[in-house]
Amino acid sequence: MEVKVEEYHATLKILLIGNSNVGKSSLLLRFTDDTFLPQESAAATIGVDFKVRYIVIDDKKYKLTIWDTAGQERFRALTSTYYRGAQGVILVYDVSNRETFEQLDNWFHELHLYCTNKDVVKMIVGNKVDKEHSRIISSKEAEAYADKAKTLFVECSAKTRFGVEEVFEKLVKKILEKPSLQKKIEPQIQVTKREVPTNTQSTYCCSNV
Amino acid sequence: METNLSTELSPLSQNWTSTQRFDVTALCVRTVTNRLWTNDAAELEWKKKFIASIFMHFAVDDVKEQDVLLSMPGENNDTLSFINLIKSNFVESEDDNNEQKKDIRQEIVFDLLLVCLGLVQNNTNNSIDSNHKRLNLKERLNKVISDVKGEEITDTLLTSNISTSQVMELGEYDSRARAILFEIAKSIDVPVNIILGLEKVIAQHIYFFQHKGQHESTNDNNDDEIDSNIKELQNSAKASLTIHEKEKKKWHWMATGVGVVVGATAIGLTGGLAAPFVAAGIGAITGVGVVTAAASSVVLVTSLFGIAGGGLAGYKMHKRTQGLKEFGFTRIVQDDSIPLIPSLHVNIVISGYLLSGSDDGVIKPWLPTFENTSNYSDTFALSFDTEIIRSLGRAFHRFLAEQAVKVAASQAIKQTVFATLASALLIPAALMKAGDLIDNPWALGVDRAHKAGLVLADVLIEGVQGKRPTVLIGFSLGALVIWSCLRELAKREKYGLIDSVIIIGAPIDSASPKWEKVISVVSRRFVNGYATNDVVLGLIYRMHSLDLNVAGLGAVNFDRVENYDLTKFTDGHLGYCNPEAMEAILQEIGLN
């Protein structure tokens, strides 16, 4: 059994929050799998879903563990545990839905309530910019809000891929700038026993009769 | 911001009207009474418990009302109209008094899941509605059922005095309860992924609740009362751990029911007794400030997930035994940065032969399906006597390389359905000679698969997997392990353990009279996957057995068996260990 040694500089925990239906799971799916599910076939997240992706910043590889939380009110009472140990939090709203933008206040409230680390990097993300014709929140308005809240701000579209990489790159770069978040980061080596024989195919083609 | 398990997992039915609660109860009683597995005394006893839990949970506590429900006729033509009548009361609509009703169907499934987990709440205090509406409903019900008076099925339940029956045990998720849950959900058009989602959310809640408690234990207040409560809890948690410590010694139990292997087979623990999850959990409970729910959550967690915390991986057979040398589980895990949240059911997957030199063939075929999927569930790969099943894989290869086999195979493929080609008595001499190659490893493999099945039955009866419904999936000899396990469970009348079974390329006589008993221990789905181009199975099985019908080659015609023709996914028996093929196969069958 071969052993594959995978080296990466650190693991970062990132949390996605925001109203239901703003596209948190779609944004994540675009980032991790580069796919997009049309509205009809996308189901509401229940509880919390997890995704992992590696990202390279300044020639160093980082492992992102992303927690995709349900936007619905129900079953949110244990949310506080989700925030524990998070280095970055992404607050998502829908640029074509004012309510989801106004609710950011509530999400900030929850964030400040539960987030143990005061230096946690926050980012506001306006999703669905592909719906330019039905846009209600202008970039200017959101930018002003983000300035006031002292957070990062990016607009993106999970559907068209626009801005999605920027969301995570910008966030991770900011996390790496913060010494207090850095302290917890130690180089790690992941040893997986999951060998991938280079010649897998030959193993199976013999099953031909 | 205090949170406890009981409010988090509190029933949603409290907010329904009493009419709605009555209707849900009616639907449950109806579904339970109509569902038959073995229809014996033990099953009746279990149904009584289930219905008693339903009555308590939905606060149908009037004996007369209970009688009305229990005297509903069993299965008849009215089933559909009955369900439609009931259902109209759950979906979004305006009723006669122009009162807006919201769709409560998902809430129904959630509450039933609580009942299934033994988290039954006595709702009596909350039934504040007037009885007026209910009476109307009774009239309606009576109208629906007045035409038919076939009361035999429920008669026994009616006379068995439900009100004194026990309710479902806390933290014991019986596979029959899960089957009922799926059936009810289907009848009110709630999709399966909603059930799976709710199972996931409850599992996550139990997990995060414990971790939350653990972290908050440091800044609890010093209220005397809470202190003493905590002390009490610590004691009970300690006691619980001590009991299991004692059981640790007992774990070196003999595999009593295993006739063939008996004597030398002992299954012991190789890893630590309590897996990290449960250990953390118990620690957390002792520290948590809110105490009302904590005591029950010790029971919930230790029982449901097993004290080994889904630690099948911790078990390995020690001793060399007569026959079986190796028996163990490998856990298929998610990425190590993702919290290891246990699921409310367990999958056990079994490969029937190994083609490569390493042992990874035991888990590899299953990885694309079960590793890092967003709907993760605890999955363990069972390995048994890998040396023998590897030599079988090698023998398969050599066998297929023989000229006589190649000729026979091409014939077989021409005829598409192999069953018509050769009977066991008409195998050409050259083929028989080729068959010699495989004789010994095959006979050995069959023997070990049978024994591994018996040990697996013991492991499941002992509850090593926790009291959670188990799904068994296996191909080739792996299917035989499952078959042998199910026969043993049937023999020992252990119902309520197995949720679903998927056997693929099974070397099992598809006309065997044993099927009925074997199916009876499976609460929900029984899937047989076959391929008509499975030359290996076709030739070998016939050389070794006089039976002409093999489950792995064609449909099995017994009640409740779902047959899937998998010919398009594989080029023969050895195609099943290809991970991509297996992923496509399980996708086709559907893991739900």
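This is a short talk on two protein chains, A and B, in a predicted model.

Okay, let me start with chain A. We have 209 residues here, and 50% of them count as buried. The secondary structure comes to 8 helices and 8 strands. If you take the contacts between residues at least 6 apart in sequence, 74% of them join residues at least 24 apart.

Now, the sheet. In what order do the strands of the open sheet in chain A run? Reading across, you get β3-β4-β2-β5-β6-β7, so 6 strands with mixed pairing. The edges are β3, residues 48–57, and β7, residues 152–155; each has a single partner strand, so one side of each is left without a neighbour in the sheet. On average, neighbouring strands are turned by 25 degrees against each other, direction ignored.

Let's walk through some of the pairings. At the β3 edge, β3(A) pairs with β4(A), residues 60–69, in the antiparallel sense, over 10 bridges. If you want a spot to look at, A:Val56 stands opposite A:Lys61 in β4(A).

Two helices to point out on this sheet. Helix α4 of chain A, residues 104–114, packs on it and touches β2, β5 and β6. The direction of α4 makes about 165 degrees with that of β5(A). Then there's helix α6 of chain A, residues 164–177, which also packs on the sheet and touches β2, β3, β4, β5, β6 and β7. Its direction makes about 75 degrees with that of β3(A).

Zoom in on β5(A) for a second. Is this strand mostly covered or mostly exposed? Covered: 7 of its 7 residues are buried. That goes for both faces, with A:Gly88, A:Ile90, A:Val92 and A:Asp94 on one side, and A:Val89, A:Leu91 and A:Tyr93 on the other. As for its neighbours, β5(A) pairs with β2(A) in the parallel sense over 5 bridges, and it runs parallel to β6(A) with 7 bridges joining the two. A:Gly88 turns up in both pairings: its bridge partner is A:Ile14 on the β2 pairing, and it stands opposite A:Val121 in β6(A).

Next, salt bridges. Over all chains, the search finds 31 of them. I'll show you three from chain A.

One is A:Arg98 with A:Glu102, where the closest N and O atoms are 4.0 Å apart. Both lie in helix α3, residues 98–102, 4 residues apart, about one turn of the helix. A:Arg98 is partly exposed at 29% relative accessibility, and A:Glu102 is partly exposed too, at 48%.

Another is A:Arg135 with A:Glu155, at 2.8 Å, N to O. A:Arg135 lies in the loop between β6 and α5 and A:Glu155 in strand β7, so the pair ties together parts that are 20 residues apart in sequence. A:Glu155 counts as buried, at 15% relative accessibility.

And then A:Glu177 with A:Lys174, closest N and O atoms 3.8 Å apart. These two are 3 residues apart in helix α6, separated by about one helical turn. A:Glu177 counts as exposed, at 55%, while A:Lys174 is partly exposed, at 31%.

Over in chain B, salt bridges that share partners join B:Arg178, B:Glu199, B:Asp499 and B:Arg524 into one network. Within that, B:Asp499 and B:Arg178 have their closest N and O atoms 3.1 Å apart.

So, chain B as a whole: 592 residues, 60% of them buried, with 21 helices and 11 strands. Here 83% of the contacts between residues at least 6 apart in sequence join residues at least 24 apart.

Chain B is divided into domain 1, which is 18–124 + 131–151 + 165–214, and domain 2, which is 309–589. The contact takes 21 residues from domain 1 and 22 from domain 2. How much area do the two domains of chain B bury between them? About 1900 Å², with 61% of it on carbon and sulfur atoms. The salt-bridge count between the two domains is 2.

Two residues to finish. B:Arg176 sits in helix α9, residues 175–187, and counts as buried at 9% relative accessibility. Leaving out residues up to four places away in sequence, it touches B:Trp37, B:Glu43, B:Trp46, B:Tyr495, B:Gly496 and B:Ser523.

The other is B:Val455, found in helix α17, residues 429–461. B:Val455 is buried, with a relative accessible area of 0%. In sequence B:Val455 and B:Leu324 are 131 residues apart, but C-alpha to C-alpha they are 9.4 Å apart.

Note on methods:
Residues numbered from 1 in each chain as written. Chains lettered and ligands numbered in written order. Predicted model: local features only at pLDDT ≥ 70, side-chain atom pairs only at ≥ 80, totals over all residues. Heavy atoms only, no water. Pairing = 2+ DSSP bridges. Axes fitted to C-alpha atoms, helices over the stretch in contact; angles between N-to-C directions. Contact = heavy atoms within 4.5 Å. Buried < 20%, exposed > 50% of the residue type's maximum accessible area, 1.4 Å probe, protein only. Domains from an automatic or database assignment. Buried area = accessible area lost by both parts, 1.4 Å probe. Salt bridge = Lys/Arg side-chain N within 4 Å of Asp/Glu carboxyl O.
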